[in-house]
Amino acid sequence: MTIEKLQEGSKSMNAAIQEMVKLIGAADTSLLYQKPSEEEWSVMQIASHVIEAVEFWAADLEALLIVPGAKWGRNHEHVRRLAAVEETYVSGVTAEEATRRLQALMPLVDQAFSNVQEEDLAKTAPSYNPNFDGKPLSFLIDHLLIKHVEGHLGQMERHLEKVKKQAVN
């Protein structure tokens, strides 16, 4: 990854967040909270997860720029990650609040990305997640922020289509 690729990724991530906002704004509100199946998240659970994850990873990115080499990250059992998708929590999050919080991610990430220098991208650090241990900072940026958001946009679109079909049948 280069700074140029980071900037391209930032634009792509911002576009994906804008698409999430449009999707939430255009959908029937009741469908946003419906899970396509017991194993799958609702659109609002996905939105809540994206908000929490981007806030978490952007903060870790900024911390690693201040303290290079510090242990970073988390695993899938991190309490804030789990709480963000808990149905009792998500049911209290309005579409307007989710939209506002999604839009607030863009300047947050832009600020974090603006502090990254070319030489930072190759720096490595230990991680609390053994799968991420020793990965370069470019991995955090590309996989845990940019591609993570882009992937969840596709998931939102698929899940909304599933619950729409279920509502018709």
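**Exercise 1. The lining of the largest cavity**

Task: In this predicted model, determine which residues line the largest cavity, and how that lining divides into nonpolar, polar and charged residues.

Solution. Begin with the residues themselves: the largest cavity is lined by Leu64, Leu65, Pro68, Gly69, Trp72, Asp120, Lys123, Thr124, Ala125, Lys135, Pro136 and Leu137. Next, sort them by class, which gives seven nonpolar, two polar and three charged residues. Finally, attach a volume to the space they enclose, which comes to about 90 Å³ for this largest cavity.

**Exercise 2. The second largest cavity**

Task: State how many cavities of 30 Å³ or more the structure holds, and then work out which helix gives the largest share of the lining of the second largest cavity.

Solution. The count of cavities at or above that volume is two, and the second largest has about 30 Å³ of space. Its lining is made up of Met44, Ala47, Ser48, Ile51, Val93, Ala98 and Arg101. The elements that contribute two or more residues to this lining are helix 3, spanning 43–66, and helix 6, spanning 95–114. Of the elements involved, helix 3 supplies the largest share, with four residues. Sorted by class, the lining of the second largest cavity holds five nonpolar residues, one polar and one charged.

**Exercise 3. The largest nonpolar core**

Task: Identify which residues touch the most other members of the largest nonpolar core, and which helix gives the most to this core.

Solution. The core has 51 residues, and those touching the most other members are Ile24, Trp57, Leu61, Trp72 and Leu102. Two or more residues each come from helix 1 (3–26), helix 2 (29–32), helix 3, helix 6 and helix 7 (137–168), and helix 3 gives the most, with 13 residues. To examine one of these members more closely, take leucine 61: once its neighbours within four places in sequence are set aside, its contacts are Ala112, Phe113, Val116, Leu137, Leu140, Ile141 and Leu145. Two residues from the earlier steps return here, since Trp72, which is listed in the core, also lines the largest cavity, and Leu137, a contact of leucine 61, is likewise part of the lining of the largest cavity.

**Exercise 4. Two residues: buried or exposed?**

Task: Decide whether serine 42 and glutamate 52 are buried or exposed, and list what each touches beyond four places in sequence.

Solution. Serine 42 sits in the loop between helix 2 and helix 3. Its relative accessible area is 2%, and because the cut-off for buried is under 20%, serine 42 counts as buried. Its contacts, with residues up to four places away left out, are Leu32, Tyr33, Gln34 and Lys35.

Glutamate 52 belongs to helix 3, and its relative accessible area of 8% makes it buried as well. On the same exclusion of neighbours within four places, glutamate 52 is in contact with Arg74, Arg80, Arg81 and Ala84. For arginine 81 in particular, the separation from glutamate 52 is 29 residues in sequence, while the C-alpha to C-alpha distance is 6.8 Å.

**Exercise 5. The overall fold**

Task: Describe the secondary structure of the protein, and explain why the protein can be called as compact as a globular protein of its length.

Solution. The protein has seven helices and zero strands, in the order α-α-α-α-α-α-α along the sequence. Its radius of gyration is 17 Å, whereas the globule rule gives 15 Å for 169 residues; the two values are close, so the protein is as compact as a globular protein of that length. The C-alpha trace spans about 55 × 30 × 20 Å along its principal axes, and 46% of the 169 residues count as buried. Finally, among contacts between residues at least 6 apart in sequence, 77% join residues at least 24 apart.

Terms used: Residues are numbered from 1 along each chain as its sequence is written. This is a predicted model: local features need pLDDT of at least 70, side-chain atom pairs count only at pLDDT 80 or more; totals for chains, interfaces and linings use all residues. Side-chain values use heavy atoms; hydrogens and water are left out. On a 1 Å grid over the protein atoms alone, a cavity is a set of points where a 1.4 Å probe fits but cannot get out, and a pocket is an open set with protein on both sides within 12 Å along at least five of seven lines; lining residues have an atom within 4 Å of a point. Grid points are joined across faces, edges and corners, and a volume is the space filled by probe spheres set on the points. Ala, Val, Leu, Ile, Met, Phe, Trp, Tyr, Cys and Pro count as nonpolar, Asp, Glu, Lys and Arg as charged, and the others, Gly among them, as polar. A nonpolar core is a set of buried Ala, Val, Leu, Ile, Met, Phe, Trp, Tyr and Cys residues joined through side-chain atoms within 4.5 Å. Buried means under 20% relative accessible area, exposed over 50%, partly exposed in between (1.4 Å probe, protein chains only). Contact means heavy atoms within 4.5 Å. The radius of gyration is taken over C-alpha atoms; the globule rule is 2.2 Å times the number of residues to the power 0.38.
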